[in-house]
Amino acid sequence: GAQMSLWDHLDELRRRLTWAVLALVIGTSIGIAIARPVLLYLIEPLPDGAQRLQTLGPTEGVIAYFRVAMLIGGILAIPMITYQVLAFIVPGLTGRERRIVFLSITPITLLFLVGVLFAWFIMVPPAIDFLQNFQNDLLKAEWTADQYLGFITALIFWMGVAFETPLVFFVLSLVGMVTAGALI
């Protein structure tokens with residue numbers, strides 16, 4: 001194959017990152033449009049039917065709203081981001097390795113979504129219950145929008161990432177970039 005200079009590689013990386021950021025911007029724009037119903041859905045697990053979260057600063061409500069929009073944008077953009085990362089490394093791979101990498105895009109995306117669903121349906125309910133009732137004879141839990149949504153969005157996003165990690169390492173081992181000994 002053709003050799004690329006360092007500047008060519010950096011230019012290619014810039015193009016790939018531009019596409020990934022554009023996908024995130026488009027996803028976040030969609031997220032802005034649907035953030036309110038998603039925000040209402042995210043606060044449902046709060047006890048006592050709380051439909052409003054407390055804000056302590058003048059911009060905290062705006063930050064909370066955009067945090068949810070960014071989470072939606074990240075979830076919607078993950079297939080394109082994954083593709084752009086993989087497309088950057090593919091030119092250095094053999095034909096067999098390329099096929100393996102491109103076949104992994106759909107399962108990686110699905111595993112991310114499974115991680116998001118796992119976090120929301122399996123982890124969040126008992127976590128909220130535990131955190132709300134921890135030492136409730138001594139402490140009264142009154143969470144702000146920033147604290148609650150920061151916790152929820154981080155948990156959801158990073159569990160999505162955690163669920164795709166085993167497949168990423170499996171693909172890296174298939175293409176010879178990672179060995180079992182190195183992982184140990």
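Colleague: How many aromatic pairs does a search of the whole structure find, and what makes two rings a pair?

Modeller: The search returns eight aromatic pairs. Rings of Phe, Tyr and Trp (its six-membered ring) pair if their centres lie within 6.5 Å; planes under 30 degrees apart count as stacked, over 60 as edge-to-face and the rest as tilted. The model is predicted, with pLDDT of at least 70 required for local features and 80 or more for side-chain atom pairs, whereas totals for chains, interfaces and linings use all residues. Residues are numbered from 1 along each chain as its sequence is written, and side-chain values use heavy atoms, with hydrogens and water left out.

Colleague: Why is the pair of F112 and F157 called edge-to-face?

Modeller: The ring centres of F112 and F157 are 5.9 Å apart, and the planes stand at 70 degrees. The limits are within 6.5 Å for a pair and over 60 degrees for edge-to-face, so both conditions are met. F112 belongs to helix 4 and F157 to helix 5, so the pair ties together parts 45 residues apart in sequence. Helices here are DSSP runs (H or I, at least four residues), numbered from the N terminus.

Colleague: What makes F112 buried or exposed?

Modeller: Buried means under 20% relative accessible area, exposed over 50%, and partly exposed in between (1.4 Å probe, protein chains only). F112 has 0%, so it is buried. F157, at 26%, is partly exposed. The rings of F157 and W158 also pair: with centres 4.9 Å apart and planes at 80 degrees, this pair is edge-to-face as well. W158 itself is exposed, at 54%. Ring pairs thus link F112, F157 and W158 into a cluster.

Colleague: How do you know that helix 1 is not straight?

Modeller: The expected span of a helix is 1.5 Å times one less than its number of residues. Helix 1 (residues 6-42) has 37 residues, and a straight helix would reach 54 Å, yet its end C-alpha atoms are only 45 Å apart. A kink of about 65 degrees lies at I34, shortly before the proline P37. Such a bend is the angle between axes fitted to the seven residues ending at a position and the seven starting there.

Colleague: What covers the buried residues of helix 1?

Modeller: The cover includes helix 2 (60-89), helix 4 (105-133) and helix 5 (145-174). Among the buried residues of helix 1 are E12, T28 and L42. T28 counts as buried because its relative accessible area is 10%. Contact means heavy atoms within 4.5 Å; leaving aside neighbours within four places in sequence, T28 is in contact with A69, M70 and G73. E12 is also buried, at 14%, and, with the same neighbours left aside, is in contact with M4 and F88.

Colleague: Why does the approach of the side chain of T28 to the backbone oxygen of L24 qualify as a polar contact?

Modeller: The distance is 2.7 Å. A polar contact is a pair of N or O atoms within 3.5 Å; within protein, one must be able to donate a hydrogen and the other to accept it, and residues adjacent in sequence count only if both atoms are side-chain atoms. The distance lies within that limit, so it qualifies.

Colleague: What makes a set of residues a nonpolar core, and which residues have the most contacts inside the largest one?

Modeller: A nonpolar core is a set of buried Ala, Val, Leu, Ile, Met, Phe, Trp, Tyr and Cys residues joined through side-chain atoms within 4.5 Å. The largest has 23 residues, and L42, Y148, I152 and I156 have the most contacts inside it. Helix 1, helix 2, helix 4 and helix 5 each supply at least two residues of this core. Helix 5 gives the largest share, seven residues. Another core, of 10 residues, lies apart from it and includes L86, I105, L167 and V171.

Colleague: What is notable about the phi of Q135?

Modeller: Q135 has a positive phi of about 50 degrees although it is not a glycine. Most residues other than glycine have a negative phi. Q135 sits in the loop between helix 4 and helix 5. At 37% relative accessibility, it counts as partly exposed.
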